[in-house]
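Hi,

Here's the structure I promised to pass on. Have a look at it first, and then read on for what turned up when I went through it.

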Amino acid sequence: MTDTVEAGVGAGLELPESWRGVLADEAGKPYFAELAAFVAAQRAEHQVFPPAGQEFSALDATPYDKVRVLVLGQDPYHDDNQAHGMSFSVLPGVKTPPSLRNIFKELDADLGVPAPDNGYLMSWAEQGVLLLNAVLTVRAHEPNSHKAKGWEKFTDAVIKAVSDREEPVVFVLWGNYAKKKLPLIDTSRHVVVQGAHPSPLSAKLFFGSRPFSQINEALEGFGVDPIDWRVPDVKAG
């Protein structure tokens, strides 16, 4: 681990082991130390989501060499108990947010996968779906409050690192913000699935876009297994 990664550890930003080799140089840049200090200061003064230690949950759940799909979100959920470090996902027992409800509706229409009773997407992450937000922290109830503090530079580096892999990957860019990341991706080797954001504001355009069948068709074209998009129900008792 580099000195600056160690500094990040001291500030509560520890990179998962499988990503350290490809992100160590990025974590060694001055902005990353400034970002770590910013997040630590914000946590000292405000409630910040996700909880400390969960900033890199997506990277931890999906090791670098296991990534098959990258789904890019923008900002963590900013209401209580929602964000846990994976884009669009919430922990079991937390009410499914509107965008994720729309994702499940489209999944049912696309592949006939019924909506689960929870929004915990770990089963996707464990199959190689990297659920990455562009910004990895947020002040409670203040969307985009940690925008332009350095997270975007870091997550751009994550996207580039995935694009640099020899194995092809499916990149999922929903909405205009995500589509701006297209230049980071080597489209000669990877497949990009683009569409409207599943937010209620643009859901009419999202519905019918069939992203899940597109992703699985691309994976099968790569000669690898498709994603099983079913999310296990969490039953009381």
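Before the sheet, one bit of vocabulary: two strands pair here if DSSP finds at least two bridges between them. On that basis, strand E2 (residues 69-73) and strand E5 (residues 170-174) are paired in the parallel sense, over four bridges. Within that pairing, Leu-70 sits opposite Phe-171 of E5. Keep in mind throughout that this is a predicted model.

Zooming out, E2 and E5 belong to an open sheet of four strands with parallel pairing, and the order is E3-E2-E5-E6. Which strands stand at the edges? Those are E3 (129-133) and E6 (191-195); each has a single partner strand, so one side of each has no neighbour in the sheet. On average, neighbouring strands of the sheet are turned by 20° against each other, ignoring direction.

Now the helices that go with the sheet. H7 packs on it and touches E2, E3 and E5, with its direction at about 155° to that of E3. H7 spans residues 151-163, so to speak a 13-residue helix, and from first C-alpha to last it reaches 18 Å, close to the 18 Å expected at 1.5 Å a residue. Is H7 mostly covered or mostly open? Mostly covered: 11 of its 13 residues are buried. Among them are Trp-151, Phe-154, Val-158, Ile-159 and Val-162, but also Glu-152 and Asp-156.

H10 (residues 211-222) lies across E2, E5 and E6, and runs at about 160° to E5. H10 also meets another helix: its axis and that of H5 (residues 98-111) come within 8 Å and cross at roughly 60°. On the H5 side the contact is made by Ile-103, Glu-106, Leu-107, Asp-110 and Leu-111, and on the H10 side by Pro-211, Phe-212, Ser-213 and Asn-216. Sorted by character, the residues of this contact are five nonpolar, two polar and two charged.

On to the database side. The UniProt record, an unreviewed entry, annotates residues 60-219 as "domain: Uracil-DNA glycosylase-like". Over that stretch the chain is 32% helix and 14% strand, and the C-alpha atoms at its ends are 22 Å apart.

The same kind of unreviewed annotation puts "active site" on Asp-75. In the model, Asp-75 is in the loop between E2 and H5. Is Asp-75 buried or exposed? Its relative accessible area is 17%, and the cut-off for buried is under 20%, so Asp-75 counts as buried. Leaving out residues up to four places away in sequence, Asp-75 touches Asn-133, Val-135, Thr-137, Val-138, Pro-143 and Asn-144.

Two more loop residues to look at. Ser-199 is in the loop between E6 and helix H9 (203-206). At a relative accessible area of 16%, Ser-199 is buried. Apart from neighbours within four places in sequence, Ser-199 is in contact with Ser-99 and Asn-102.

Gly-53 belongs to the loop between strand E1 (48-49) and helix H4 (57-61). Gly-53 has a relative accessibility of 60%, and exposed means over 50%, so Gly-53 counts as exposed. Its C-alpha is 7.8 Å from that of Glu-14, although the two residues are 39 residues apart along the chain.

Cheers

How values were computed: Residues are numbered from 1 along each chain as its sequence is written. This is a predicted model: local features need pLDDT of at least 70, side-chain atom pairs count only at pLDDT 80 or more; totals for chains, interfaces and linings use all residues. Side-chain values use heavy atoms; hydrogens and water are left out. Helices (H or I, at least four residues) and strands (E, at least two) are DSSP runs, numbered from the N terminus. The expected span of a helix is 1.5 Å times one less than its number of residues. Buried means under 20% relative accessible area, exposed over 50%, partly exposed in between (1.4 Å probe, protein chains only). UniProt positions are given in the numbering used here, feature names are shortened, and annotations may be inferred rather than shown by experiment. Axes are lines fitted to C-alpha atoms, for helices over the stretch in contact, and angles run from 0 to 180 degrees between N-to-C directions. Contact means heavy atoms within 4.5 Å. Ala, Val, Leu, Ile, Met, Phe, Trp, Tyr, Cys and Pro count as nonpolar, Asp, Glu, Lys and Arg as charged, and the others, Gly among them, as polar.
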